[in-house]
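I opened this notebook to keep track of what I looked up, one topic at a time. Each entry says what I wanted to find and what the lookup gave.

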Amino acid sequence: MRNDDIPASRMPVAIIGFSDDESPLDLLWPSTHRALLPIAGKPVIVYLIEQLADAGIRHVRITGSIQQYAVRNRLRCGREWGIKIRYSDLHKDELLNECVVTDGEGLLLYGDRLYDAEFRGVLRRATDERRANAASELRPGLWRFVDGQMRRHALQNGNGAPIYENSLTTPEDYLRANLRAAGVIANVLTVPGAPLHRDAVADWKSDIRAGARIGEQVFIGKHCRVGSLARLESNCVLSNGAVIASGACLENVVVLPNCYVGARMRIRDAILGNHGVLSLAGQYWPVRNPAYLSVTRKNSEAQTGLPDALDELPYLAEKPQVFAQSADKRGI
């Protein structure tokens, strides 16, 4: 056993709560739980569950939430990751107190945030610390009951710095999270077709037509289609089920799941949804013409962005029409 290993019997229970922050995609995707926002093909909370499972944590408690049913529908009992997930109607502070009193300690994390940490090493360093700081507010960390008080060990990397945490509160945070997640995805299939840049990654069952231009740091998810004259410049993430028509040009853009992008779209520094464009500065432009933006398949919140197949798009062959208002005035 390595010196950074912790026996499974000593692993704390992970308590997953949710922040009160607004979703950065409310205008594009108002009904989706923050924990289910798609990041490079997977919901936010799935990244956290995978990290906890890799660290050897086998028991996870998820706190009460108004939309917890959607989270429960996606994670279920946790068998997919070899862990046991239980759901509670208690608030995160109440559930944390219950777990710490029962098990002696609890690892509190937020399911709608991304963490860049190897939790096994993080927990070992927290266990080795002799003192835990008294906490005046509820924050993520390893919590224990010490000297009659709840005390928190901060989560730190090996150099003593706090672990990377993206709270996903702005469109720019969301774009950065997608690019960061796409940059570390390994063991994926590079789809033949268009010549890909060495930094571009394409996932399985995607169709990239010959003649498409794929730039650096581009991630193409499952069941995507990229037209023959489409241009995906640097820093683009296509979520699962996205269709990019021939002639479209994107740069520094995230395309949400099951979104069709028409041939006349020339967009940079934005998030694209089925019915609108959200700039990184937070400006929103609704798009009502399906020849520019539309849906390829109905999004299911329980399986966010994970379609089994794409529906046929009858308007792919149609000649694009102009907006009811001038596209030039909209900045699109």
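**Entry 1: Cys-99.** I began by asking whether Cys-99 is buried or exposed. This is a predicted model, and in it Cys-99 has a relative accessibility of 2%, so I count Cys-99 as buried. I then looked up where it sits, and found Cys-99 in helix H3, which covers residues 92-103. Which residues does Cys-99 contact, leaving aside its neighbours within four places in sequence? I noted Val-13, Ile-15, Arg-61, Gly-104 and Glu-105. One of these, Ile-15, lies 84 residues away from Cys-99 along the chain, and yet the C-alpha atoms of the two are separated by 8.2 Å.

**Entry 2: other cysteines.** I next asked how many disulfides a search of the whole structure finds. A disulfide is a covalent bond between the sulfur atoms of two cysteines. The search gave zero. I checked Cys-236 by hand and saw that its closest cysteine sulfur, in Cys-249, is 8.3 Å away, which is too far for a bond. Cys-236 has 0% relative accessibility and therefore counts as buried, and Cys-224, at 1%, counts as buried too.

**Entry 3: the largest nonpolar core.** I wanted to know which residues have the most contacts inside the largest nonpolar core. This core has 35 residues, and I wrote down Ile-45, Leu-52, Ile-62, Leu-75 and Phe-119 as those with the most contacts. The elements that give two or more residues to this core include strand E1 (13-17), helix H1 (44-54), strand E4 (59-62), helix H2 (68-75) and helix H4 (119-128). H1 gives the most, with six residues. I also recorded a second, separate core of 29 residues, which includes Ala-202, Ala-212, Ile-244 and Cys-259.

**Entry 4: helix H1.** I stayed with H1 and found that nine of its 11 residues are buried, so this helix is largely enclosed by the rest of the structure. Among the buried residues of H1 are Val-44, Ile-45, Tyr-47, Leu-48, Gln-51 and Leu-52. After H1 comes Gly-56, and its phi is positive, near 95 degrees.

**Entry 5: Ile-62 and strand E5.** I returned to Ile-62 and listed what it touches beyond four places in sequence, including Ile-16, Phe-18, Ile-45, Val-71, Leu-75, Ile-85 and Tyr-87. Where does Ile-62 find its bridge partner in E5? The partner is Tyr-87, and I noted that E4 and E5 run parallel, joined by four bridges. I then followed the side chains along E5 and saw that they alternate, since Ile-85 and Tyr-87 point to one face and are buried, while Lys-84 and Arg-86 point to the other and are not.

**Entry 6: strands E20, E22 and E23.** Strands of a sheet pair through backbone hydrogen bonds, either parallel or antiparallel. I found that strand E20 (residues 249-255) and strand E22 (residues 266-272) run parallel and are joined by six bridges, with Cys-249 standing opposite Arg-266. E22 and strand E23 (residues 276-279) run antiparallel, with three bridges between them, and Ile-271 has Leu-278 in E23 as its bridge partner. A hairpin leads from E22 to E23 through three residues.

**Entry 7: an open sheet.** I asked in what order five strands form an open sheet. The order is E13-E16-E19-E21-E25, and the pairing is mixed. At the edges are strand E13 (207-208) and strand E25 (293-295), each of which pairs on one side only. E13 runs parallel to strand E16 (residues 225-226), and two bridges join them; Asp-207 has Arg-225 in E16 as its bridge partner.

**Entry 8: helix H5.** I tested the length of helix H5 (residues 171-184): at 1.5 Å a residue its 14 residues should span 20 Å, and the end C-alpha atoms are 21 Å apart, which agrees. Its buried residues include Pro-171, Tyr-174, Leu-175, Asn-178 and Ala-181.

**Entry 9: the whole chain.** I ended with the totals, and found six helices and 25 strands. The chain has 332 residues, of which 53% count as buried. Its accessible surface comes to about 16000 Å², and 46% of that belongs to carbon and sulfur atoms.

Key:
Residues are numbered from 1 along each chain as its sequence is written. This is a predicted model: local features need pLDDT of at least 70, side-chain atom pairs count only at pLDDT 80 or more; totals for chains, interfaces and linings use all residues. Side-chain values use heavy atoms; hydrogens and water are left out. A nonpolar core is a set of buried Ala, Val, Leu, Ile, Met, Phe, Trp, Tyr and Cys residues joined through side-chain atoms within 4.5 Å. Buried means under 20% relative accessible area, exposed over 50%, partly exposed in between (1.4 Å probe, protein chains only). Contact means heavy atoms within 4.5 Å. Two strands pair if DSSP finds at least two bridges between them. Accessible areas come from the Shrake-Rupley method with a 1.4 Å probe; for residues, only the protein chains shown count as cover. The expected span of a helix is 1.5 Å times one less than its number of residues. A disulfide is a pair of cysteine sulfur atoms within 2.5 Å.
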